[in-house]
Amino acid sequence: MPKVEVKMDANATAKTIYDILMNDDLEAKWNLTVNENISVGPNKWEVKSTIGDLTSTRVETEENKRVSFDIEGSIFTKMGYILKPKGDITKVTIWGEF
C-alpha cells in the first residue's frame, strides 16, 4: 500500500501532544479537516470532515509515543502519529496509508 509521511518539530512535550490526540472533544479544534466527531463505540467515531464523512477506529496507542487509526470511507485506510522527544521539542511523524 502507498504510504505518505510528514515530519515536523513541535514546540511541545510528547505527553502534551499525546494528551491532545487522546482527547476526543478537542479534535474538531486542532484538526483542520474535522468539523465534528461522534463516538459510536469504544475507540470508534463517525467523523464529519472537509474531505467527506468517514469512520475512524483507534487501533493502537502507546502512551506519549504513538497513536494509530483504521479509517473507513476515506482515501486513507490507516493513519497515525509517532512522537519522539528531542530536548525541548518533539519530532512528530504524521503518516497515512492509501
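## Briefing: loops, rings and charge pairs

Asparagine 43 sits in the loop that runs between strand S2 (34-41) and strand S3 (44-49). Its backbone stands out: asparagine 43 has a positive phi of about 60° although it is not a glycine. Keep in mind that this is a predicted model. Beyond that loop, there are two aromatic pairs and eight salt bridges to look at, plus a nonpolar patch on the surface.

**Asparagines with a positive phi**

- For background, most residues other than glycine have a negative phi.
- Asparagine 43 counts as partly exposed, because its relative accessibility is 36%.
- Asparagine 64 also goes against that trend, with a positive phi of about 65° although it is not a glycine.
- You'll find asparagine 64 in the loop between strand S4 (54-62) and S5.
- With a relative accessibility of 23%, asparagine 64 counts as partly exposed.

**Aromatic pairs**

- A pair of aromatic rings is described by the distance of the centres and the angle of the planes.
- The count here comes to two aromatic pairs.
- In one of them, the ring centres of tryptophan 30 and tyrosine 81 are 6.2 Å apart and the planes are at 75°, so this pair is edge-to-face.
- Tryptophan 30 belongs to helix H2 (residues 27-30) and tyrosine 81 to strand S6, so the pair ties together parts that lie 51 residues apart in sequence.
- Tryptophan 30 is partly exposed, at a relative accessible area of 32%, whereas tyrosine 81 counts as buried, at 9% relative accessibility.
- Phenylalanine 76 and phenylalanine 98 have ring centres 4.8 Å apart and planes at 25°, so this pair is stacked.
- That stacked pair links distant parts of the chain, with phenylalanine 76 in the loop between S5 and S6 and phenylalanine 98 in the segment after strand S7 (89-97), 22 residues apart.
- Phenylalanine 76 counts as partly exposed at 23% relative accessibility, and phenylalanine 98 counts as partly exposed at 35%.

**A charge over a ring**

- Lysine 3 has its charged end over the ring of tryptophan 95, at 4.7 Å from the ring centre.

**Salt bridges**

- Side chains of opposite charge can pair when their charged atoms come close.
- The structure holds eight salt bridges, and a few of them are picked out below.
- Aspartate 9 and lysine 91 join their side chains in a salt bridge, at 3.1 Å from N to O.
- Aspartate 9 is in strand S1 and lysine 91 in strand S7, so their pairing ties together parts that are 82 residues apart in sequence.
- Both ends are partly exposed: aspartate 9 has a relative accessible area of 43%, and lysine 91 has 36%.
- Aspartate 70 and lysine 78 form a salt bridge through their side chains, at 3.0 Å from N to O.
- Aspartate 70 is partly exposed, with 29% relative accessible area, and lysine 78 is partly exposed, with 31%.
- Glutamate 62 and arginine 66 meet through their side chains in a salt bridge, at 3.9 Å from N to O.
- Glutamate 62 counts as partly exposed at 35% relative accessibility, and arginine 66 is partly exposed with a relative accessible area of 25%.
- These two residues also belong to a network of salt bridges that links Glu60, Glu62, Lys65 and Arg66.

**Nonpolar patch on the surface**

- Val4, Ile75 and Phe98 make up a nonpolar surface patch, and together they have about 260 Å² of accessible area.
- Isoleucine 75 has its place in the loop between strand S5 (66-72) and strand S6 (78-86).
- Isoleucine 75 counts as exposed because its relative accessibility is 61%, and the cut-off for exposed is over 50%.
- Phe98 is the phenylalanine of the stacked pair with phenylalanine 76.

**Around alanine 12**

- Alanine 12 is in the loop between strand S1 (3-10) and helix H1 (14-22).
- With a relative accessible area of 22%, alanine 12 is partly exposed; buried would mean under 20%.
- Leaving out residues up to four places away in sequence, alanine 12 touches Ile17, Asp88, Ile89 and Thr90.
- Alanine 12 and serine 56 are 44 residues apart in sequence, and their C-alpha to C-alpha separation is 25 Å in space.

Terms used: Residues are numbered from 1 along each chain as its sequence is written. This is a predicted model: local features need pLDDT of at least 70, side-chain atom pairs count only at pLDDT 80 or more; totals for chains, interfaces and linings use all residues. Side-chain values use heavy atoms; hydrogens and water are left out. Patches are made of residues with over 30% relative accessible area and no salt bridge: like charges are joined within 9 Å, nonpolar side chains (Val, Leu, Ile, Met, Phe, Trp, Tyr) within 5 Å. Accessible areas come from the Shrake-Rupley method with a 1.4 Å probe; for residues, only the protein chains shown count as cover. A salt bridge is a side-chain nitrogen of Lys or Arg within 4 Å of a carboxyl oxygen of Asp or Glu. Helices (H or I, at least four residues) and strands (E, at least two) are DSSP runs, numbered from the N terminus. Buried means under 20% relative accessible area, exposed over 50%, partly exposed in between (1.4 Å probe, protein chains only). Contact means heavy atoms within 4.5 Å. Rings of Phe, Tyr and Trp (its six-membered ring) pair if their centres lie within 6.5 Å; planes under 30 degrees apart count as stacked, over 60 as edge-to-face and the rest as tilted. A charge sits over a ring if NZ of Lys or CZ of Arg is within 6 Å of the ring centre and within 35 degrees of the ring normal.
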